[in-house]
Amino acid sequence: MPAFMTSAPGKVIVYGEHAVVYGKPAMAAAISLRSYLLVTTLSKSHRTITLRFPDVDLEHTWNIDDLPWSIFSQPSKKKHYYELVDRLDPELVEAMQPQLSTLSPSGTVEDRKVHQHAASAFLYLFLSLGSQDFPGCVYTLRSTIPIGAGLGSSASICVCLSSAILLQLRILSGPYPDQPREEAELQIERINRWAFVGEMCIHGNPSGVDNTVASGGKAVFFKRGDQNRPPTVTPLRNFPELPLLLVNTRQSRSTSTEVAKVAAMKRAYPAVTEPILEAISKITESAHELISSPGFDGNDGGSVKTLGDLMKINHGLLAALGVSHPKLERIRDIVDSVGVGWTKLTGAGGGGCAITLLSSKASPSILKSLEEQLCDEGFEKYETKLGGDGVGVLWPAVLHEGSEDEGGAVIDEAQFVGADARGVERAFGVGISADEKQDGWKFWSNVGGPQVNS
């Protein structure tokens with residue numbers, strides 16, 4: 001099998017944070033910051049699998065024959081690729097522990113936690129889907145998504161792993177140009193189901209929203225009813241690709257702390273808090289109605305302004321709930337001062353990231369000046385795109401400068417590992433702008449089959 005790559009996007013919450021905790025709808029969308037996985041098959045004499053994740057200083061090798069196949073292959077434990085797995089098997093989790101206990105023995109407590117999460121997701125998928133006669137491989141991960149910033153980095157990685165292993169098993173079909181939409185959606189669903197299993201290894205009880213966005217791209221409208229059940233998730237196939245400025249405050253935050261703040265306010269001032277949550281719900285529903293309406297045009301300036309105004313109002317309501325932060329407000333002030341778009345916090349708040357939907361006034365010169373000011377004040381800025389492609393495949397791992405029939409350059413693993421995040425995107429990745437897109441990447445799509453870069 002030739003070397004190949006998979007890729008999946010991160011995500012942002014566009015509307016509905018915190019209100020979603022109380023059964024209100026929310027909307028999340030893909031961003032063009034992505035994770036990439038390079039899979040290299042070893043010769044038959046190599047009976048090992050290696051997981052390399054240089055962005056978090058993780059590299060570990062397992063002997064395939066030493067893995068706990070005996071319990072994973074038991075008829076009562078073995079899962080087929082088409083099955084829905086909505087909980088982890090405690091006995092299988094326990095069986096992996098000897099393989100995880102040797103990870104990063106000299107690392108910090110936080111490093112070991114990150115490494116064990118990544119490795120447990122990888123091993124659970126590998127052992128559940130694979131078999132002992134699987135070939136030796138090296139799985140090399142890179143991510144351009146800030147980790148721990150609420151941008152779905154773990155789900156992006158799980159989608160990369162899920163799609164790669166399913167491709168190795170020859171289970172997935174496509175993507176190819178004339179693939180029927182229903183068939184393409186089935187491939188996305190298979191990838192998504194097993195990515196959710198990986199997310200369970202990392203988060204315990206994930207919502208399923210992040211991996212759904214990373215798998216299918218575009219955006220989703222979601223609503224949680226019973227707190228003990230996953231939310232209802234509806235893909236938004238008409239969500240437009242829009243220019244986005246994402247700014248990381250570099251301020252650590254705790255989702256549980258911010259959720260507790262709102263809960264305390266709701267208990268103390270229910271007559272005030274409940275109308276705010278309901279107003280946030282109306283914002284999300286208004287955006288959903290606009291995007292879902294017949295004849296919606298994401299390139300129309302009036303539509304973009306409406307979406308932006310709703311984002312700005314959403315931020316004000318979140319600030320009223322007490323989940324903003326001085327750094328988030330400073331970012332909003334800086335961006336508002338140059339009038340290039342509409343800004344709100346994304347995610348739990350209390351730090352993390354702010355997003356700005358850019359308007360047509362966002363000229364390159366203004367954005368450059370804005371970037372300099374943000375960097376001078378210690379913020380980290382990403383010019384990205386909202387509502388782009390979901391999981392993608394580069395098979396084989398060859399980049400083409402012209403027609404795919406003309407051959408191309410095989411991706412060099414050492415260069416892939418050695419590049420910085422921006423270098424990964426420019427040299428090997430899907431690309432943020434049209435002129436950066438690499439030929440050869442193909443995507444399953446929920447709308448009329450895959451979109452192929454040409």
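**Figure 1. Overall view of the predicted model.** Buried residues account for 55% of the 454 residues in the protein. The model is predicted. The chain holds 13 helices and 16 strands. Its radius of gyration is 22 Å, close to the 22 Å that the globule rule gives for 454 residues, so the protein is as compact as a globular protein of that length. Taken along the principal axes, the box filled by the C-alpha atoms is roughly 65 × 55 × 45 Å.

**Figure 2. Strand 3 and its two partners, strand 4 and strand 5****.** Strand 3 covers residues 48-53 and strand 4 covers residues 58-63; the two pair in the antiparallel sense over 6 bridges. Within this pairing, isoleucine 49 has tryptophan 62 of strand 4 as its bridge partner. The two strands form a hairpin with 4 residues between them. Aspartate 57, in the turn of that hairpin, has a positive phi of about 60°. Strand 3 also runs parallel to strand 5 (residues 137-143), to which 4 bridges join it. Here leucine 51 has tyrosine 139 of strand 5 as its bridge partner.

**Figure 3. An aromatic cluster that includes Trp62 and Tyr139****.** The structure holds 10 aromatic pairs. In one of them, the ring centres of phenylalanine 126 and phenylalanine 134 lie 5.1 Å apart and the ring planes meet at 80°, so the pair is edge-to-face. Phenylalanine 126 has a relative accessibility of 0% and counts as buried. Phenylalanine 134 is also buried, with a relative accessible area of 5%. Both residues belong to one aromatic cluster, formed by Trp62, Trp69, Phe122, Phe126, Phe134 and Tyr139. Two members of the cluster come from the strands of Figure 2: Trp62 is the bridge partner of isoleucine 49, and Tyr139 is the bridge partner of leucine 51.

**Figure 4. The largest pocket and its lining****.** The space in the largest pocket is about 1,500 Å³. The pocket is lined by 47 residues, of which Gly150, His203, Asp210, Arg253 and Thr255 are the closest to its centre. Two or more lining residues come from each of strand 1 (4-15), helix 3 (109-129), helix 4 (153-168), helix 5 (181-203), helix 6 (209-216) and helix 7 (255-268). Helix 3 gives the largest share, 6 residues. By residue class, the lining divides into 22 nonpolar, 17 polar and 8 charged residues.

**Figure 5. Two cis peptide bonds, each before a proline****.** Most peptide bonds are trans. The bond that joins glycine 174 and proline 175 is cis, with omega of about 0°. Proline 175 sits in the loop between helix 4 and helix 5. A cis bond also joins tryptophan 395 and proline 396, with omega of about -10°. Proline 396 is in the loop between strand 12 (392-394) and strand 13 (398-399).

**Figure 6. Serine 104 and lysine 218, loop residues with a positive phi****.** Most residues other than glycine have a negative phi. Serine 104, although not a glycine, has a positive phi of about 45°. Serine 104 lies in the loop between helix 2 (90-100) and helix 3. Its relative accessibility is 18%, which is under the 20% cut-off, so serine 104 counts as buried. Lysine 218 is not a glycine either, and its phi is positive at about 55°. Lysine 218 is located in the loop between helix 6 and strand 6 (219-223).

Conventions: Residues numbered from 1 in each chain as written. Predicted model: local features only at pLDDT ≥ 70, side-chain atom pairs only at ≥ 80, totals over all residues. Heavy atoms only, no water. Pairing = 2+ DSSP bridges. 1 Å grid on protein atoms, 1.4 Å probe; cavity = no way out; pocket = protein on both sides within 12 Å on 5 of 7 lines; lining within 4 Å. Points joined across faces, edges and corners; volume = space filled by probe spheres on them. Nonpolar A, V, L, I, M, F, W, Y, C, P; charged D, E, K, R; others polar. Phe/Tyr/Trp six-rings, centres within 6.5 Å; stacked < 30°, edge-to-face > 60°. Buried < 20%, exposed > 50% of the residue type's maximum accessible area, 1.4 Å probe, protein only. Rg over C-alpha atoms; globule rule 2.2 N^0.38 Å.
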